[in-house]
There are 2 protein chains.
Amino acid sequence: MKKGLLIVLSGPSGVGKGTVCSVLRHKMPELVYSVSATTRQPRQGEMDGINYFFKSKEQFQDMIARDALLEYAEYVGNYYGTPRDFVDKTIAEGKDVILEIEVQGALKVKDKFPEGVFVFLLPPSLDELKQRITGRGTETTSVIDHRMSVAVDEMGLIRHYDYAVVNDEIDAACHRIQSIVTAEHCRRERFLAGYAELQAVIEKAKA
Amino acid sequence: MKKGLLIVLSGPSGVGKGTVCSVLRHKMPELVYSVSATTRQPRQGEMDGINYFFKSKEQFQDMIARDALLEYAEYVGNYYGTPRDFVDKTIAEGKDVILEIEVQGALKVKDKFPEGVFVFLLPPSLDELKQRITGRGTETTSVIDHRMSVAVDEMGLIRHYDYAVVNDEIDAACHRIQSIVTAEHCRRERFLAGYAELQAVIEKAKA
């Protein structure tokens, strides 16, 4: 059985990761979205195992202790993390998993799951990123400057990623990501792992 | 200026490289086909620089001596080879070049041009390959057996390639190759080489 891929989609704040991910959901219905674990309370309509795996603080800390998370972080008093189990089970079934995550979290995932495919989403230019950050609301100049400086530092982390995708136009960015997924399945090492007959042929030819 | 890619499409005899290549020509009109040099006489309607670069034996041997060929071979008394110059010029213009070539030739190209993207076309199964080889004409069993044994040896050379593409259905195979080309342009190292602004940002963030 050929294993699925873990695709990690990241990029600086304001680049449009969430939008690209939701458009991909429609274009690639076969992609499974990684479900996060959290200690925050479920909101109206949220379902355990669908929107999140809802955990108590004790359960979450136990997952940390058991190294059961590919990454986690604390945010406004609650834990959020990526359960390794869900990813492992899904790719073992031959399905691809996508994880949308900020830049620092993605690097933690890379430590624990280096065989993932790490995709960095980029703005067409720094000016364009500034416009997107500014366009979000009525922020002060100093807040915008701070966010830009954080985003620029985040962009420096692209050197740890496998692929760079410019989010110039959402459909074009999604098309590039789809191509990356298709191409990664064709990579010789991955491909051969799922093609027993050919492996036998290669061994014979080598001998 | 972002450089183009050299895509080398190879695979065992009988796998359908030529057919896949001619369908790709229609699907990817932006792809430039590598033009071979040869010492054979031009046939009716063949144009120098379009179908082949037609060379005298002396000219061809001079190209060999100058290391001006990515690979060459002698076949029925004539030389055939891939001029490096044409590939270098075309990718310097930012265009992608595709080279369809048999398995041994591709490995010679890899020696001289390791930055190429090496794609190995595979039959869906050995039975299917045997049917394709048999289906070519009224060959004797021993000829078919010999061809199969050569093809199996050739398949063992897949270990030197970057990608494996199954030619189960021509459109599907072409779609995979198109995806590989798109994805390779997104590979971080290649991408950054053509994105000066971002390189400056990364240097700044590292410092």
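In chain B of this predicted model, the axes of helix H1 (residues 17-27) and helix H7 (residues 170-186) come within 10 Å and cross at roughly 65°. Axes here are lines fitted to C-alpha atoms, for helices over the stretch in contact, with angles running from 0 to 180 degrees between N-to-C directions; helices (H or I, at least four residues) and strands (E, at least two) are DSSP runs numbered from the N terminus. The crossing of H1(B) and H7(B) is right-handed, meaning that the near helix is turned clockwise from the far one by less than a right angle. On the H1(B) side, the contact (heavy atoms within 4.5 Å) involves Thr19(B), Val20(B), Val23(B), Leu24(B) and Lys27(B). Among their partners in H7(B) are Ile170(B), Cys174(B) and Ile177(B).

A second helix pair of chain B, H5 (residues 126-134) and H6 (residues 141-156), packs at an angle of about 135° with axes 10 Å apart. H5(B) and H6(B) are therefore oblique to each other, a class left over once angles under 35 degrees (roughly parallel), over 145 (roughly antiparallel) and 65 to 115 (roughly perpendicular) are set aside. H5(B) also passes H6(B) in a right-handed crossing. Residues of H5(B) including Leu126(B), Leu129(B) and Ile133(B) meet a set in H6(B) that includes Ile144(B), Met148(B) and Val152(B).

Turning to the interior, the largest nonpolar core has 46 residues, and Val119(A) and Val119(B) have the most contacts inside it. Such a core is a set of buried Ala, Val, Leu, Ile, Met, Phe, Trp, Tyr and Cys residues joined through side-chain atoms within 4.5 Å, where buried means under 20% relative accessible area (1.4 Å probe, protein chains only). A second, separate core of 45 residues includes Leu126(A), Ile144(A), Leu198(B) and Ile202(B).

Phe120(A) lies in strand S8 (residues 117-122) of chain A and, at 0% relative accessibility, counts as buried. Beyond its neighbours within four places in sequence, Phe120(A) contacts residues including Pro12(A), Val103(A), Met155(A) and Tyr163(A).

As for the two copies, a rotation of 180° with 0.0 Å of shift along its axis superposes chain B on chain A (RMSD 0.0 Å), by least squares on the C-alpha atoms of residues with pLDDT of at least 70 in both. The copies are thus related as by a two-fold rotation axis. In chain B, Ser179(B) comes closest to that axis, at 2.1 Å (C-alpha).

Residues are numbered from 1 along each chain as its sequence is written, while chains are lettered from A and ligands numbered from 1 in the order in which they are written. Local features need pLDDT of at least 70, side-chain atom pairs count only at pLDDT 80 or more, and totals for chains, interfaces and linings use all residues, with side-chain values using heavy atoms and leaving out hydrogens and water.

Conventions. Buried means under 20% relative accessible area, exposed over 50%, partly exposed in between (1.4 Å probe, protein chains only).
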